[in-house]
Amino acid sequence: MVAKVQLFLVTAYCHCVLCTPGHFITKSGVRPIQNITVACPSLMLGLFVRIEGWGVGRCEDIGPAITEGRLDIYMTNHDLAQRWGRQKRRAQFYSWLLTPVWDGAIIGVEVDPKQRARIRRDINKKRGKPQ
């Protein structure tokens, strides 16, 4: 079983002074990586998220404008972030270790092993790790 699909307003951010003045480390303590790092509401920090039309990333950051119903994808430069703009996309949250997953509230949801393997492959592919 996987988490319910929900609609989110998805924006993008980068390291420039307009997006994140002086912040080069995410809330989770890692440097952001394009196509992996997503800023999510704080309750979802550490979860994996599949965003329709974009792919799978990890909730590694938070932000003052990132509230329920909003996600922010990390991009390497401001031009890319601006080109992304503001898009409404469906998204699902997954737990790596079959722990509670967000579904409008914290509930117990297990991720199907095949689904978990597909998420792991997607993340490794983005990070350039061998399959």
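**A six-stranded barrel and its cross-links**

In this predicted model, 6 strands form a closed barrel in the order 1-5-2-4-3-6, and their pairing is mixed. On average, neighbouring strands of the sheet are turned by 45° against each other, with direction ignored. As a reminder for the newcomer, the strands of a sheet pair through backbone hydrogen bonds, and this pairing can be parallel or antiparallel. Both kinds can be found here, and strand 1 is a good place to begin.

Strand 1 covers residues 6–13. On one side, strand 1 pairs with strand 6 (residues 87–94) in the antiparallel sense, over 5 bridges. Within this pairing, Gln-6 stands opposite Ala-91 of strand 6. Strand 1 also pairs with strand 5 (residues 70–74), this time in the parallel sense, again over 5 bridges. Here Leu-9 stands opposite Arg-70 of strand 5. Of the 8 residues of strand 1, 7 are buried, so this strand is largely enclosed by the rest of the structure.

From strand 5 the barrel continues to strand 2. Strand 2 spans residues 37–39 and pairs with strand 5 in the antiparallel sense over 2 bridges. Val-38 has Ile-73 of strand 5 as its bridge partner. Strand 4 comes after strand 2 in the barrel order, and Gly-55 belongs to strand 4, which runs over residues 55–61. Gly-55 has a relative accessible area of 19% and is buried, because the cut-off for that class is under 20%. Although Gly-55 and Asn-35 are 20 residues apart in sequence, their C-alpha atoms are 7.9 Å apart in space.

Cross-links come next, beginning with sulfur. The whole structure contains 1 disulfide. This bond joins Cys-40 and Cys-59, whose sulfur atoms are 2.2 Å apart. Cys-40 sits in the loop between strand 2 and strand 3, while Cys-59 sits in strand 4, so the pair ties together parts that are 19 residues apart in sequence. The link of Cys-40 and Cys-59 is left-handed, with -70° about the S-S bond. Cys-40 is buried at a relative accessible area of 1%, and Cys-59 is buried at 0%. What, then, of Cys-14, and which cysteine sulfur is closest to its own? The closest is that of Cys-16, at 3.4 Å, which is too far for a bond, because a disulfide requires sulfur atoms within 2.5 Å. Cys-14 counts as buried, with 1% relative accessibility.

Charged side chains provide another kind of contact. Side chains of opposite charge can pair when their charged atoms come close. The structure holds 2 salt bridges. In one of them, the side chains of Glu-52 and Arg-90 meet at 2.5 Å, N to O. Glu-52 lies in the loop between strand 3 (48–51) and strand 4, and Arg-90 lies in strand 6, so this pair ties together parts that are 38 residues apart in sequence. Glu-52 is partly exposed at 37% relative accessibility, and Arg-90 is partly exposed at 45%.

Another salt bridge links Asp-79 with Arg-83, their closest N and O atoms being 2.8 Å apart. Both residues belong to helix 1 (residues 78–84), where they lie 4 residues apart, or about one turn of the helix. Asp-79 is partly exposed, with 43% relative accessibility, whereas Arg-83 counts as exposed at 59%.

Conventions: Residues are numbered from 1 along each chain as its sequence is written. This is a predicted model: local features need pLDDT of at least 70, side-chain atom pairs count only at pLDDT 80 or more; totals for chains, interfaces and linings use all residues. Side-chain values use heavy atoms; hydrogens and water are left out. Buried means under 20% relative accessible area, exposed over 50%, partly exposed in between (1.4 Å probe, protein chains only). Two strands pair if DSSP finds at least two bridges between them. Axes are lines fitted to C-alpha atoms, for helices over the stretch in contact, and angles run from 0 to 180 degrees between N-to-C directions. A salt bridge is a side-chain nitrogen of Lys or Arg within 4 Å of a carboxyl oxygen of Asp or Glu.
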